[in-house]
2 protein chains.
Amino acid sequence: MQTPPFEDQPCSVAQALGEIGERWTLLILREAFFGMQRFTDFQARLGVARNILTARLNKLVATGILTRNVAPGRGNPRFYRLTEKGRDVLPAFIALMQWGDRWIAGEAKAPVRVVDTATGEEIARLRVCARDGRPLVAREMRVVPGPGADVSIHRRFGATASGGEAPEAAFAFRRG
Amino acid sequence: MQTPPFEDQPCSVAQALGEIGERWTLLILREAFFGMQRFTDFQARLGVARNILTARLNKLVATGILTRNVAPGRGNPRFYRLTEKGRDVLPAFIALMQWGDRWIAGEAKAPVRVVDTATGEEIARLRVCARDGRPLVAREMRVVPGPGADVSIHRRFGATASGGEAPEAAFAFRRG
């Protein structure tokens, strides 16, 4: 279902989902993280329909997340490789994996573990931190208009006329 | 389009996307992070069609990400509040936001900034780290079967018969 206002939201999460939020796209990137490069490898690993895989790969190339190269010669396969933009999806990917491990599979049933090669220990859970490394909980953060804020964001998150803080600027986590 | 094998993937990212990967769901959670609790508030902030919002909220309640409470009395509004499972989506949300800021909007056009209330400084970029806090790049990590691994994962990521490392276990980031 197409809902046009979605991509128009002045929100980088909406924009990010517009590029990598479609069904299968993050799993295609998972396979790219593991070194898969060819259409046939993605297809065999994921079991996704060819027409969907083609559409997803074309979009990932168009948005600069993968590059597509063809070796010279007729009938040679195309190779898809991650760009820096593509490699930089990894923290979001790991954060989603850790959330799924914790809240859906359960830690005791996690399908895979990602380990630090140097120690063999599982990597740390991703946390939101301050610049100096202090972990932050939601109520220690707030939202302010960014350099690309539009009028609606300034109205919502900007300082009030009296210099006070916008009422919705704080992450307002309440008890469930 | 429904592609049944997707949810059957032994992958916590696929499972996570099954619960929070649908269009609008992460933006509904964004509004919940900002303290919105009522159907009419979500609807006004997002401009999403009522039937879609209803379906998404019902699913978020069914999966234990939001709770729904109704104040006693006829015609009273329902309140949706984040559970611990819902609040724990924040690192994945911030990781996606930072990726969108960096690679789509561009840092100079980020719509909002999330700041540490104590210092007013922007929060740090989420990084994948070892247990001792060392930041890890992809080639310093590898994948091993988890406690819930199935046969296909053991075959792919388990130690080889000769005790060697599975060839696909390393995050194989190549130059684009």
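**Figure 1. The loop between α2 and α3 of chain B, with W24(B), in the predicted model.** W24(B) belongs to the loop that joins α2 and α3 (25-33) in chain B. Its phi is positive, at about 85 degrees, although the residue is not a glycine. Most residues other than glycine have a negative phi. W24(B) has 22 other C-beta atoms within 10 Å, and because the threshold for a buried residue is 20 or more, W24(B) is classed as buried. Helix α2 (residues 12-20) of chain B, at one end of this loop, is mostly covered, with eight of its nine residues buried. Among these buried residues are V13(B), L17(B) and I20(B), together with S12(B), Q15(B) and E19(B).

**Figure 2. The corresponding loop of chain A, with W24(A).** In chain A, W24(A) is placed in the loop between α2 (12-20) and α3 (25-33). W24(A) is not a glycine, yet its phi is positive, at about 85 degrees. Which burial class does W24(A) fall into? W24(A) is buried, having 22 other C-beta atoms within 10 Å.

**Figure 3. E7(A) in helix α1 of chain A.** E7(A) is part of helix α1 (residues 5-8) of chain A. With 13 other C-beta atoms within 10 Å, E7(A) is partly exposed; the count lies between the limit of 12 or fewer for exposed residues and that of 20 or more for buried residues. When residues up to four places away in sequence are not counted, E7(A) touches A14(A) and G18(A). The C-alpha atom of E7(A) is separated by 34 Å from that of I123(A), a residue 116 positions away along the chain.

**Figure 4. The nonpolar core around F93(A).** The largest nonpolar core has 94 residues, and the members that touch the most others are V13(A), F93(A), V13(B) and F93(B). What does F93(A) touch, apart from residues up to four places away in sequence? The contacts of F93(A) are L26(A), L29(A) and R30(A) in chain A, and V13(B) in chain B. Helix α7 (residues 90-105) of chain A is mostly covered, as 14 of its 16 residues are buried. Just after α7(A), G106(A) adopts a positive phi of about 90 degrees.

**Figure 5. The two-fold relation between chains A and B.** A turn of 180 degrees, with a shift of 0.0 Å along the axis, lays chain B on chain A with an RMSD of 0.0 Å. The two copies are thus related as by a two-fold rotation axis. In chain B, the C-alpha nearest this axis belongs to A92(B), at 2.7 Å from it.

**Figure 6. The interface between chains A and B.** Chain B supplies 91 residues to the contact, and chain A supplies 91 residues. On the side of chain B that touches chain A, helix α7 (residues 90-105) of chain B gives the most, with 15 residues. By class, that side of chain B holds 56 nonpolar, 15 polar and 20 charged residues. The copies meet through the same surface, because 100% of the interface residues of chain B are also interface residues in chain A.

**Figure 7. Strand pairing between β3 of chain A and β4 of chain B.** Strand β3 (residues 112-116) of chain A pairs with strand β4 (residues 141-145) of chain B in the antiparallel sense, over five bridges. Within this pairing, R113(A) has V144(B) as its bridge partner in β4(B), and D116(A) stands opposite M141(B). How many of the five residues of β4(B) are buried? Four are buried, and β4(B) is mostly covered.

**Figure 8. The fold of chain A as context for the close-up views.** Chain A contains eight helices and four strands, in the order α-α-α-α-α-β-β-α-α-β-β-α from the N terminus on. Its radius of gyration is 20 Å, well over the 16 Å that the globule rule gives for 176 residues, so chain A is more spread out than a compact globule. The C-alpha trace of chain A spans about 70 × 40 × 30 Å along its principal axes. Of the 176 residues in chain A, 38% are buried. Among contacts in chain A with a separation of 6 or more, 40% join residues 24 or more positions apart.

Definitions and conventions
Residues numbered from 1 in each chain as written. Chains lettered and ligands numbered in written order. Predicted model: local features only at pLDDT ≥ 70, side-chain atom pairs only at ≥ 80, totals over all residues. Core = buried A, V, L, I, M, F, W, Y, C linked by C-beta atoms within 7 Å. Contact = placed C-beta atoms within 7 Å. Least-squares fit on C-alpha atoms with pLDDT ≥ 70 in both. Helix = DSSP H or I, 4+ residues; strand = E, 2+ residues; numbered from the N terminus. Nonpolar A, V, L, I, M, F, W, Y, C, P; charged D, E, K, R; others polar. Pairing = 2+ DSSP bridges. Rg over C-alpha atoms; globule rule 2.2 N^0.38 Å.
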